[in-house]
Structures are given as structure tokens and as C-alpha cells.
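Hi there,

Here is the structure I promised to pass on. Please have a look at it, and then read my notes underneath.

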Amino acid sequence: LLSEVLGAYDDLQLADGAYFFTVLAGLTVLIGLNGQISLGHGGLMAVGAYTVALLIGNEGWSVVPALIAGVLTTAAIGALVGAAATRLRGPYLAGVTLAFAVGLPALADKFPGTFGGENGLIINPPTPPSWLGSTFSLERWEAWIACAGAVLVMFVLHNLMRSGTGRALRAVRDDEVAASLCGFRVARTQTIAFVLSAACAGLGGGMLALVLQLAQPGAFPLQLSLSLLTGVVLGGLGSLVGAIW
């Protein structure tokens, strides 16, 4: 309904806000709900963006399957990072995720034949379905895709925070020893938090690639990861409303 009254430029701004919220929502759950610090979410966004760009541009996949594949791929990377995170704390964990954010985009230059080097990968814009009419603009369709992803993430994480898994995440954040004595598996809980947060970052990165119609290293600098962390802190750790703001 909001996109109905907005122009093309504002629809793109709405799409930008939606995919950044998707990333911030996952990050605020990781940091605020589970107490783990990540400076590598810009790199995780890059994983989702390049996955979507490769599948749509090279393999001819449609939007929804490509986004799902991007989420699953990034979640798998998050599981690996999460497994390492169970052995690290505080600045050591931040340092590892920081190295991930710095090193991952450099793979595009290392393998230019696959990832397009500095120029990145260009994909065709997502075509609005014919049943929406010939006057339905591309910018509005991109806003719809991004907002649909944001609403889905909001629904899942809102319910997660009120579930037993959410309580386990908070218990591990507050006191790992006490949580372990109460029967919680600390390492598994921390890994789950990383996987969920990485999946949100992958979805956000995939939607970014669709809106920009491009995935390139310059879109995922270290500054992006630091800005995401700043946004989570300003919005309030563990607050989905704060992530929207």
C-alpha cells in the first residue's frame, strides 16, 4: 500500500530499507539476544548476493529459488563461523569475524572468471508478473520483493524471541555456566544463533543484488559491517523495532 503512493525513487529507498532491516534484525538477535559480537555481516551479505547473482545470471534461476539458495548457502557459512565462535569470546570473536569481512570480498579478485573481479556480476532485473499489469513499475516490484522478505524475517524472529529457543539464547548470553547446568547445550545454541543471523544476512544480500542488479566487492566494504553494528547498537540490542528504526 505504501508503494502505491510512492514514486520510483522512493520505492527504491523503501527496498533499501527493507533489505537492510533484514540484515539488522538477524544481527540484533545474534548480539542482543545471544551476546555474540560479529563484525563480519557485510561478508555474509556478499555470500548471499553472489549466490543469487550466479544462479540468476549464469543458471537462469527465478527469483524465489535463487533467494532460498542464497539463504541456505549463507546459513551453511554461518554454521562454520558459529562453530568457530563457540571457542572464542569477546575481542577474539570480533577479530575472526572482522577478518572474514575483510577477506571474503577479495575472492572476487582472486577468481575473476567466476565472480567478475572488481566489476562484479550483473544480473537482469526481476520482471514483474504479467498479472500485475503492464504499468506496474520495476522499482515497485523490487520494493515488494524486499518488503516481503523483511516481513517474513520479522514474523520468524518475533516468534523465535518468544519461544524456547529465544529463552535458551538469552540464558546462554546471561551465564553460560548456569545455562549449561540447566541443561542447555551452550555450543549448539551459539551456533544456532549464528546460523539464523547469517541466513538473514544472506537474504538481505540477495535482495540487495536484485535491487541493484549487481553484485560486486565494492558493495561490501568493511565500513558496511561496522555500519550494521552501529545501527544495531543505536536501535537497541535485541530490539526488532529498533532494527526498523
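Below are my notes on one helix, one residue, the core and a pocket.

This is a predicted model, so to speak of local features I need pLDDT of at least 70, and side-chain atom pairs count only at pLDDT 80 or more, while totals for chains, interfaces and linings use all residues. Residues are numbered from 1 along each chain as its sequence is written, and side-chain values use heavy atoms, with hydrogens and water left out.

Let me start with helix α11, residues 222–235 (helices are DSSP runs of H or I, at least four residues, numbered from the N terminus). Its 14 residues reach 20 Å from the first C-alpha to the last, close to the 20 Å expected at 1.5 Å a residue (that is, 1.5 Å times one less than the number of residues). Buried in α11 are L224, S225, L228, V232 and G235 (buried means under 20% relative accessible area and exposed over 50%, with a 1.4 Å probe and protein chains only). These buried residues line one face of the helix, because they fall within an arc of 100 degrees seen down the axis of α11 (the arc is taken over the directions from the helix axis to the C-beta atoms). On the face turned away from that buried side sit the exposed residues Q223, V233 and L234. Just after α11, G236 has a positive phi of about 110 degrees.

G236 is also one of the residues touched by T28, which belongs to helix α1 (residues 8–33). Setting aside residues up to four places away in sequence, T28 touches V232 and L237 too, among others (contact means heavy atoms within 4.5 Å). T28 counts as buried because its relative accessibility is 1%. Between T28 and V233 there are 8.2 Å in space, C-alpha to C-alpha, although they are 205 residues apart in sequence.

On to the core. The largest nonpolar core has 64 residues, and L67 and L228 are among those with the most contacts inside it (such a core is a set of buried Ala, Val, Leu, Ile, Met, Phe, Trp, Tyr and Cys residues joined through side-chain atoms within 4.5 Å). The elements that give two or more residues to this core include α1, α3 (63–85) and α11.

L67 appears again in the largest pocket: of the 20 lining residues, L67, V71, G149, L152 and L203 lie nearest its centre. α7 gives the most to this lining, with eight residues. (A pocket is an open set of points on a 1 Å grid over the protein atoms alone, where a 1.4 Å probe fits, with protein on both sides within 12 Å along at least five of seven lines; lining residues have an atom within 4 Å of a point.)

Best wishes
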